Amino acid sequence: MPNVIRIAAALLIDPQGRTLLVRKRGTQAFMQPGGKIDAGETPVQALVRELHEELGLRIDPAQAIPLGQFSAPAANEPGFEVQAQLFRVDCAGQVVPAAEIEEVVWLAADQLPALQLAPLTRDLILPLYRQALSVPR
């Protein structure tokens with residue numbers, strides 16, 4: 001069994017349909033906003049807390065739509081696997097990088113980012129996002 005890091009992550013979508021990626025200070029890879037689930041926290045509680053700490057966003061837990069659980073090798077911890085509870089959050093609020101977030105980028109579904117991406121983001125979440133937004137509503 002690999003060492004597992006349990007996180008809650010947001011597929012954050014703005015009114016233009018773009019999604020937000022963040023890069024933590026001292027790291028190279030861009031990933032979904034979110035973070036580790038503390039003991040006694042539900043994934044949604046962790047997500048609400050992390051989005052506030054990292055981006056200054058206040059979201060209503062009811063806004064977070066569960067998309068399922070995804071696992072991939074951790075971007076910044078060799079030998080670890082991240083297990084992410086992913087939530088879609090539609091957000092029109094202003095995003096302000098805070099805490100350990102050094103850089104944020106908004107990415108459109110048809111953009112291929114020339115960025116280093118975390119495995120979870122690159123292999124699982126961005127394909128899901130592109131698929132979701134290319135499907136007619």
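## A first stop: Thr-121

Is Thr-121 buried or exposed? Thr-121 counts as buried, because its relative accessibility is 1%, and the cut-off for buried is under 20%. This residue sits in helix H2, which covers residues 119-134. Setting aside neighbours within four places in sequence, Thr-121 is in contact with Leu-21, Phe-30, Met-31, Gln-32, Leu-126 and Pro-127.

Please keep in mind as you look around that this is a predicted model. The chain has an average pLDDT of 92, and 96% of the residues score at least 70. Among the elements of the chain, helix H1 has the highest mean pLDDT, 97, while H2 has the lowest, 90.

## The overall plan

Let us step back to the whole chain. Two helices and six strands make up its secondary structure. Read from the N terminus, the elements follow the order β-β-β-α-β-β-β-α.

How does the radius of gyration of the chain agree with that of a compact globule? For 137 residues, a compact globule would have a radius of gyration near 14 Å, and the chain has 14 Å, so the two agree. Along the principal axes, the C-alpha atoms fill a box of roughly 40 × 30 × 25 Å. Of the 137 residues, 42% count as buried. The accessible surface comes to about 7200 Å², and carbon and sulfur atoms account for 54% of this surface. Contacts also reach across the sequence: among those between residues at least 6 apart, 66% join residues at least 24 apart.

## Strand S1 and its partners

Strand S1 spans residues 3-13. Eight of its 11 residues are buried, so S1 is largely enclosed by the rest of the structure. S1 pairs with strand S5 in the parallel sense over 11 bridges. S1 also pairs with strand S3, residues 34-36, this time in the antiparallel sense over three bridges. In that second pairing, Ala-8 stands opposite Gly-35 of S3.

Ala-9 is a good residue to pick out in S1. With a relative accessible area of 2%, Ala-9 is buried. Its bridge partner in S5 is Leu-86. Beyond neighbours within four places in sequence, Ala-9 is in contact with Gln-32, Pro-33, Gly-34, Leu-47, Ala-84, Gln-85, Leu-86 and Phe-87. For a sense of distance, Ala-9 and Leu-55 are 46 residues apart in sequence, and their C-alpha atoms are 13 Å apart in space.

## Strand S2, covered on both faces

Strand S2 covers residues 19-24. Six of its six residues are buried, so S2 is largely enclosed by the rest of the structure. On one side, Thr-19, Leu-21 and Arg-23 are buried, and on the other side Leu-20, Val-22 and Lys-24 are buried too.

Which strand does S2 run antiparallel to? S2 is joined by six bridges to strand S6, residues 101-107, and the two run antiparallel. Within S6, Val-105 is the bridge partner of Leu-21. Leu-21 has already appeared here, among the contacts of Thr-121 in the helix.

## Two nonpolar cores

In soluble globular proteins, nonpolar side chains tend to be buried together. In this model, the largest nonpolar core has 21 residues, and the members that touch the most others are Leu-12, Leu-47, Leu-51, Leu-55, Leu-57 and Val-89. S1, S2, helix H1 (43-55) and S5 (80-90) each supply at least two residues of this core. The largest share, four residues, comes from H1. Apart from this core lies another, of 20 residues, among them Ile-5, Ile-13, Leu-126 and Tyr-129.

What does Val-89 touch, not counting residues up to four places away in sequence? The list is Ala-10, Leu-11, Leu-12, Ile-13, Leu-47, Ile-59, Gln-63 and Ala-64.

## Back to helix H2

Our last stop is Leu-133, which, like Thr-121, belongs to helix H2. Leu-133 counts as partly exposed, because its relative accessibility is 28%, whereas Thr-121 counts as buried. Not counting residues up to four places away in sequence, Leu-133 touches Gly-17, Arg-88 and Ala-109. Leu-133 and Arg-18 are 115 residues apart along the chain, and their C-alpha atoms are separated by 9.5 Å.

Definitions and conventions
Residues are numbered from 1 along each chain as its sequence is written. This is a predicted model: local features need pLDDT of at least 70, side-chain atom pairs count only at pLDDT 80 or more; totals for chains, interfaces and linings use all residues. Side-chain values use heavy atoms; hydrogens and water are left out. A nonpolar core is a set of buried Ala, Val, Leu, Ile, Met, Phe, Trp, Tyr and Cys residues joined through side-chain atoms within 4.5 Å. Buried means under 20% relative accessible area, exposed over 50%, partly exposed in between (1.4 Å probe, protein chains only). Contact means heavy atoms within 4.5 Å. Two strands pair if DSSP finds at least two bridges between them. The radius of gyration is taken over C-alpha atoms; the globule rule is 2.2 Å times the number of residues to the power 0.38. Accessible areas come from the Shrake-Rupley method with a 1.4 Å probe; for residues, only the protein chains shown count as cover. pLDDT is the predictor's confidence in each residue, from 0 to 100.
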